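Hi,

Here's the structure I said I'd pass on. Have a look through it first, and then read my notes underneath.

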Amino acid sequence: MSEGFSQTEIAAQAAEWAQRRHFWQWSDSDQVELDAWLAQSMAHRVAYWRLNATVQRTERLTALKPSLPERLPIWQRPGWLITFRSVAALVLLAALGMAAREYLSAPAPQVFATTVGGREVIRLKDGSQIELNTDTVLKIAAGTAARDVTLEKGEAYFQIHHDGAHPFRVNVGTHRVIDLGTRFLIRKDENTLEVSLIEGRARFDATAQSAHPSSIDMKPGDVVMAENGRINLTRKPEHAIVSQLGWRTGVVVFDSTRLSDAAAEFNRYGGKKLVIADPEAAKLKIEGTFQLNNVEAFADAIQVAFGLRVDTRSDEIRITH
Amino acid sequence: MAESTDIKRKDAGCIRPGAAMNTSDLETWFVREVLPLEAALMQFLQHNWRNQSDIADLRQDVYERVCLAAQEQLPDNAKAFVFRTARNLLVDRIRREHVVPIEAVEDVDALSVAMEEPGPERAVIARDELRRLQSALDRLPPRAREAIVLGRIEGLQGNEIALRMGITEGVVSRHLASGISALADMLYGEDAQSRRKP
């Protein structure tokens with residue numbers, strides 16, 4: 001199509017440019033040269049854009065650097081098979097027998113975000129692990145302060161490798177959770193904050209910004225709820241807390257849960273919006289384990305169980321009497 | 001961080017169909033709307049063109065035509081436009097080269113069902129993307145893979161990669177260039193779903 005060179009030759013030139021641009025020192029005069037080549041024809045541009053987009057897609061691998069474990073091989077670590085599912089690229093590193101390096105150069109905090117319906121596992125150098133649920137934003141401070149994280153919104157499950165010299169801190173709103181060797185779950189919605197401790201010990205602190213200074217030493221089974229400045233400490237049996245972690249395997253567990261709450265839970269994950277249009281139906285209680293990505297199956301189940309009407313539309317499912 | 005479909009939708013609002021585009025908008029549109037169709041486009045071309053060694057060139061011809069047209073006026077349905085362009089290109093080639101009868105080119109309307117399905121890329125979440133990247137890297141020739149991993153994960157510059165691998169900078173360049181091309185073919189040209197089958 002293009003004068004002079006065949007598409008095959010252009011593809012080779014574009015690959016040469018793409019590797020030069022992304023893997024070598026790049027100067028202003030290099031950029032001028034590349035721009036001139038791109039300006040020559042649309043064939044040059046589309047060939048380069050395609051390869052440039054490819055290299056940019058591998059950025060995701062780069063983004064994993066700060067959470068690389070310091071010691072390899074990772075398969076000697078407990079639980080790697082499950083925990084590494086979403087950071088599979090690390091397995092590649094191990095396969096190549098490469099030592100991961102410590103990256104202290106980036107001064108900005110690392111921001112990890114999941115989309116609605118998304119899920120991600122962050123593995124820290126110290127062996128700690130953080131799993132993000134749907135629609136969650138978590139920041140990890142850079143460099144040596146890497147054990148200081150901020151949960152901006154959403155829900156995260158922490159399995160923290162305890163280090164007395166460097167306590168792991170989670171900042172969330174006007175509060176802070178400090179681990180004392182621990183597994184815990186934090187969920188932050190618009191107005192509420194809920195911290196559930198599964199194992200170990202942790203301290204729940206108010207930060208300086210909080211109007212209600214408080215400090216609670218949490219034991220396993222403790223659940224701290226903060227809502228509009230009020231703080232409540234309750235206890236839950238272990239199985240109840242563990243069932244709150246169903247999202248880690250893509251399920252939700254309801255145990256005598258009101259239909260309206262169940263719908264709100266499903267709606268956190270995107271997909272068709274579940275609307276309980278009848279106030280009486282909203283009070284019905286449901287029990288069971290459901291796939292998070294299959295709200296239709298859930299609607300079918302309540303249709304059968306309660307004889308409710310289910311009206312499925314393109315973007316929502318309405319439940320009526 | 002994670003690929004957000006919401007963000008994409010917002011961006012899409014900025015580039016309106018029917019409008020002329022500057023080069024950087026065109027690149028954005030091409031990467032977001034056209035490249036994700038590559039797997040389907042490759043299937044269409046492979047299915048309708050006898051000489052398989054022409055396919056990569058034909059694909060680039062399609063991209064070139066699509067972007068030349070989009071630069072003047074952005075099509076409102078990228079998918080339909082890409083496949084119409086591909087079909088027209090094949091018909092032109094057949095007329096010019098007298099290789100296969102025109103009937104051999106599948107009617108693009110027959111593809112309309114497949115074309116309406118949302119591209120899998122739209123729903124890609126971080127986990128799947130990593131899995132795809134890893135699978136693609138795994139299938140690179142070993143030296144190309146090593147060079148790319150050293151550059152992208154370890155963050156080494158080309159000259160450092162050369163030292164580490166004990167090869168000349170020219171050879172590093174060749175490994176990197178061939179690695180990038182192969183990654184592009186795997187990440188865009190292959191169907192994400194079909195790769196999962198054994």
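Below is what I found, going from chain B to the cores and then to some strands of chain A. Keep in mind while you read that this is a predicted model.

Let's start with chain B. Reading along its sequence, you meet the pattern α-α-α-α-α-α-α-α-α-α-α, that is, eleven helices and zero strands. Chain B has 198 residues, and 37% of them count as buried. If you take its contacts with a separation of 6 or more, 66% are between residues 24 or more positions apart.

Now zoom in on two of those helices. At what angle do H9 (residues 158-165) and H10 (residues 169-189) of chain B pack? The angle is about 105 degrees, and the axes are 9 Å apart. An angle from 65 to 115 degrees counts as roughly perpendicular, so that is what H9(B) is to H10(B). On the H9(B) side, the residues that meet H10(B) are B:Gly158, B:Asn159, B:Ile161, B:Ala162 and B:Met165. Their counterparts in H10(B) are B:Glu169, B:Val172 and B:Ser173. By type, this contact has four nonpolar residues, three polar and one charged.

Next, the nonpolar cores. The largest one has 63 residues, and the members that touch the most others are A:Ala14, A:Leu51, B:Val82, B:Ala86 and B:Ile180. H10(B) turns up again here: it gives this core its largest share, nine residues. As for A:Ala14, leaving out residues up to four places away in sequence, it touches A:His44, A:Ala47, A:Tyr48 and A:Leu51. There's also a second, separate core of 30 residues, with A:Leu185, A:Leu197, A:Ala202 and A:Ala226 among them.

That last residue, A:Ala226, takes us to strand S10 (residues 222-227) of chain A. Which of its side chains are buried? They alternate: A:Asp222, A:Val224 and A:Ala226 point to one face and are buried, whereas A:Val223, A:Met225 and A:Glu227 point to the other and are not.

S10(A) pairs with two strands. It runs antiparallel to S8 (residues 192-206) of chain A, joined by five bridges, and A:Thr192 stands opposite A:Glu227. It also runs antiparallel to S11 (residues 230-235) of chain A, this time with six bridges; here A:Val223 has A:Thr234 as its bridge partner. S10(A) and S11(A) form a hairpin with two residues between the strands, and A:Asn228 takes a positive phi near 45 degrees there.

Have fun clicking around!

Key
Residues numbered from 1 in each chain as written. Chains lettered and ligands numbered in written order. Predicted model: local features only at pLDDT ≥ 70, side-chain atom pairs only at ≥ 80, totals over all residues. Helix = DSSP H or I, 4+ residues; strand = E, 2+ residues; numbered from the N terminus. Buried ≥ 20, exposed ≤ 12 C-beta atoms within 10 Å, placed from the backbone. Contact = placed C-beta atoms within 7 Å. Axes fitted to C-alpha atoms, helices over the stretch in contact; angles between N-to-C directions. Parallel < 35°, antiparallel > 145°, perpendicular 65-115°, else oblique. Nonpolar A, V, L, I, M, F, W, Y, C, P; charged D, E, K, R; others polar. Core = buried A, V, L, I, M, F, W, Y, C linked by C-beta atoms within 7 Å. Pairing = 2+ DSSP bridges.
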